[in-house]
Amino acid sequence: MYSKNPIPPAADLGNPLRDGLATERIPAPCAVVIFGASGDLTKRKLLPALYNLAVSRMFPPGASIVGYARSAKSDEVFRSEQKESVAKFSRRKPLDEAVWNDFAQGLYYCQGGYDGPEGYAKLKETLDRVDRERGTRGNRLFYLSVPPSEFGPIVTNLKAAGLVHDVADEATKGFTRLVIEKPFGTDLETADALDGTIRHAFDERQVFRIDHYLGKETVQNLLVFRFANAIFEPLWSREHVDHVQISVAEDIGVEGRGSFYEDAGAMRDVVQNHLLQVLSLVAMEAPVAFDADAVRDEKVKVVRALRPILGDDVAKLTVRGQYAAGAFAGQPVPGYRQEPNVSPTSQTETYVAIKAHVDNWRWGGVPFYLRAGKRLNKRVTEVSLHFKHVPHALFGARAGVVEPDVLSIRIQPDEGIALRFMSKVPGATMTLRPVTMDFRYGAAFGDAGPEAYERLILESMLGDATLFARSDEVRAAWQYCTPLLQRWRALGDPEPYAAGSWGPKGADDLVHADGQHWRRL
Amino acid sequence: MNQRVALDRIEHELSVLWGERTPTRTMTLAALCETPAHAEVALKALAHAAPRHGVRTLVVEWQDQHDGTPKIDAEVSLYQGPRGPCAEGVRLFAVGDARTFVPESVARLLAPDLPTLVWWVGDLPDHDVLLDRVASIARASVAAVDANVMDLRDLAVLDRLSKTARHVALADFCWHRLRTWQELLARFFDLPEPLEDLRSPRTLKVRFQRRARDPEPLSNQAALFIGWLMTRFGLTHAKWGEPGKARLSGPTAELLLEVVPEQVEGVADGALLAVELHAGPGCYAVKRAVEDPFVICWEGERPGVPFPNQCVRSHVLDDGTLLERVLLRPVRDPLYEASLAAAATLVADIAPKARG
């Protein structure tokens, strides 16, 4: 006789037909409202990601998408435009007409401004209609795909229009969630102001701050690598690690986004968010559970433990660079100041290197060398742990130089993990040589996972904030970065480096001063 | 044609093929093939699945030859992925009585300390110690089978195997084919009102593709699906009445079942065509679209609850794709085993009698 598993007596025990199925988490039907629905991100990333969720059966029936923007258009025109974009930008090709037709029935458009209340009244009407027609039950996910300057007016007007339900009322009125994209401010002051505006309307539990790096499979795998294996964690500390390097190298320039990048620079574009997120995953303690608060509690402790770099130390422990003309892939490329919409006297940094310290029990005295830049030699994001030298040269100088072991975690491209260690060269003499043990995800798991946006939108629909930045994390990151930005303003031009190189000489000097060198990527 | 190598040269030959590249191994898959035709099936499926999981594959086939010395020899090769070689392939040829050496030969080729999956290609034998021996040597192993290519009576064989073979967990391609149907039906009951309806199931109608040759009263795939629902509703007994109709009952629920064999062009034998569950005041249906049988649609009716239509694409699931899914989580699946047991109970009175 097989085991009996009848329907449980209490209705709140969940769906018994889901028990044991491969897909155990499907979001509740909701209306995804995209502010900035006419924008590039909506076309290239958001709608393709939502459509891909529908193809992969993760988009609940009834879930709907309401595009909101200033330009006037009908639902039909919006559907037609989005169909074209999805066909072009979805990773799943060709477009499946049968899936699209049902998916498109859930696409609505609402025209309105971001400032005045009129548009929000129309939006409320539209959402009520969606609830009736599609069974979305008051569940709303507001996705702000607009410049940060619009965040304030939008959240204020959403609140005023009665479109934000309290967390306590979720069971009766449906959930309300807000998804926002970086930049979360431009320094500590503006980040605090933005957070204050958001928190006036939304509870922190309702806010999902997207850092698309956290949606990458290999970034998530950092946690698995560290906390699902017993052998690495005992080595993961000042006892054995000499230093850590984290590199976020891009080979492209500003690619037509000169005016955006002039205000951002590498610090705001990459270091304050992506790089510090990766750092916190590398350096964090084991969380008590794999849930949003437990993971983020540990991450924020790392960022708070970063030793502030102040005063004259800024010039000693950080390097700013800006790419000059050079060559990439055999072709000459212009310098940053020659890029469109960039000032010919721009002081915006396109490269940052930092010698950081995480002042806590685990990492005391271990330097974290961080670097991020554009127009570098190749596109690589990598974390490497460089272990200490062996305490005694047992095999003597004739055996060769005993290199310290290096564990490297490649986040993109060619995701994988490699361990460099010493080995004896076969033969009668005792000659040592470093070798690499290499694991590549692409070889072991051929199928690429979902794109970062698919994963993150799904998680926000599910209400799981583990892969999103929390307010205190963002604030701690700005607390660390803002003094650097302020000091740099007084330091004049960034150090130039040739496009296609590995960055300015000052970055090499930064690590050479400690007897180290940047890992060749 | 690759050159034949002796068993004790296989590891060396593989390392020569890898050259300076680092071998990738995440598990071993041993495909046991009774005939060259089965070996071709296995090779085709593995060509799809192995590169996606970095699997060392061992395809074992045997030939009855009584005029020669029993022997096993091998061919070795590497699977090519988009970025070059990515997995190892070993093909073993057992001649004559060497079939009895297969388990030991497989054992020496298992990637150390990594999971092993044993795939008996084709119809599962009623009694063959080879599968059990290979599974035992492989320790924690998963046997991949396909109930859909078997007779209805084989559900009982599989059920017995799942209960008696301590070392073997079954991974059934047929079960994996049901995933879309299960998920689409399950999602009705994510909503609170339909969830309440599960307390009062009334009727279940299941349409399935009739086998062109030797049609049976129910397909294994349909039986597994119904078995799955029986476990969900706590239904433990099946009493068949007029043809195609049964009363399913359990301690807390009862359900009238109707099964309807049909033929739809392009659909594989035994596959589900439509499922319609009446529970409480609701009617919950998952069915293939008329214009395209590979589009599966979700349609519900219940007072006060809107159910927007939703369609998903159901691709033809060949052995390679199914094997790839099995390799993703090669572990014992209690839900499958419970559903298999329920399915075996369901068909006990309508399946043809055992062979021999």
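The following exercises, each with a worked solution, concern a predicted model.

Residues are numbered from 1 along each chain as its sequence is written, and chains are lettered from A in the order in which they are written. Local features need pLDDT of at least 70, side-chain atom pairs count only at pLDDT 80 or more, totals for chains, interfaces and linings use all residues, and side-chain values use heavy atoms, with hydrogens and water left out.

**Exercise 1. Overall form of chain A**

Task: Determine whether the radius of gyration of chain A agrees or disagrees with that of a compact globule.

Solution:
1. The radius of gyration is taken over C-alpha atoms, and the globule rule is 2.2 Å times the number of residues to the power 0.38.
2. For 521 residues a compact globule would have a value near 24 Å; chain A has 25 Å, so the two agree.
3. Along the principal axes, the C-alpha atoms of chain A fill a box of roughly 80 × 75 × 45 Å.
4. Chain A holds 15 helices and 17 strands, taken as DSSP runs (helices H or I, at least four residues; strands E, at least two) and numbered from the N terminus.
5. Of the 521 residues of chain A, 55% count as buried, where buried means under 20% relative accessible area, exposed over 50% and partly exposed in between (1.4 Å probe, protein chains only).
6. Among contacts (heavy atoms within 4.5 Å) in chain A with a separation of 6 or more, 76% join residues 24 or more positions apart.

**Exercise 2. Thr42(A) and Gln82(A)**

Task: State which residues Thr42(A) touches, not counting residues up to four places away in sequence.

Solution:
1. Thr42(A) belongs to helix α1 (residues 40-55) of chain A, and its relative accessible area of 0% makes it buried.
2. With residues up to four places away not counted, Thr42(A) touches Ile34(A), Gly36(A), Ala37(A), Leu47(A), Pro48(A), Gln82(A) and Ser145(A).
3. Gln82(A) is part of helix α2 (residues 75-89) of chain A and is buried, at 1% relative accessibility.
4. Under the same exclusion, the residues touched by Gln82(A) include Thr42(A), Lys43(A) and Trp100(A).
5. Gln82(A) lies 32 Å from Asp414(A), C-alpha to C-alpha, with their positions 332 residues apart in sequence.

**Exercise 3. The second largest pocket**

Task: Describe what lines the second largest pocket.

Solution:
1. A pocket is an open set of points on a 1 Å grid over the protein atoms alone, where a 1.4 Å probe fits, with protein on both sides within 12 Å along at least five of seven lines; lining residues have an atom within 4 Å of a point.
2. The volume, which is the space filled by probe spheres set on the points, joined across faces, edges and corners, is about 680 Å³ for the second largest pocket.
3. Its lining has 31 residues, with Val406(A), Ser408(A), Arg420(A), Arg519(A) and Arg520(A) nearest the centre.
4. Strands that each supply at least two lining residues include β14 (406-412) and β15 (416-425) of chain A.
5. The lining divides into nine nonpolar, ten polar and twelve charged residues; Ala, Val, Leu, Ile, Met, Phe, Trp, Tyr, Cys and Pro count as nonpolar, Asp, Glu, Lys and Arg as charged, and the others, Gly among them, as polar.

**Exercise 4. Asp318(B)**

Task: Decide whether Asp318(B) is buried, partly exposed or exposed.

Solution:
1. Asp318(B) sits in the loop between β16 (310-313) and α10 (319-328) of chain B.
2. At 40% relative accessibility, Asp318(B) is partly exposed.
3. Phe173(B) is 145 residues from Asp318(B) in sequence, and their C-alpha atoms are 9.2 Å apart.
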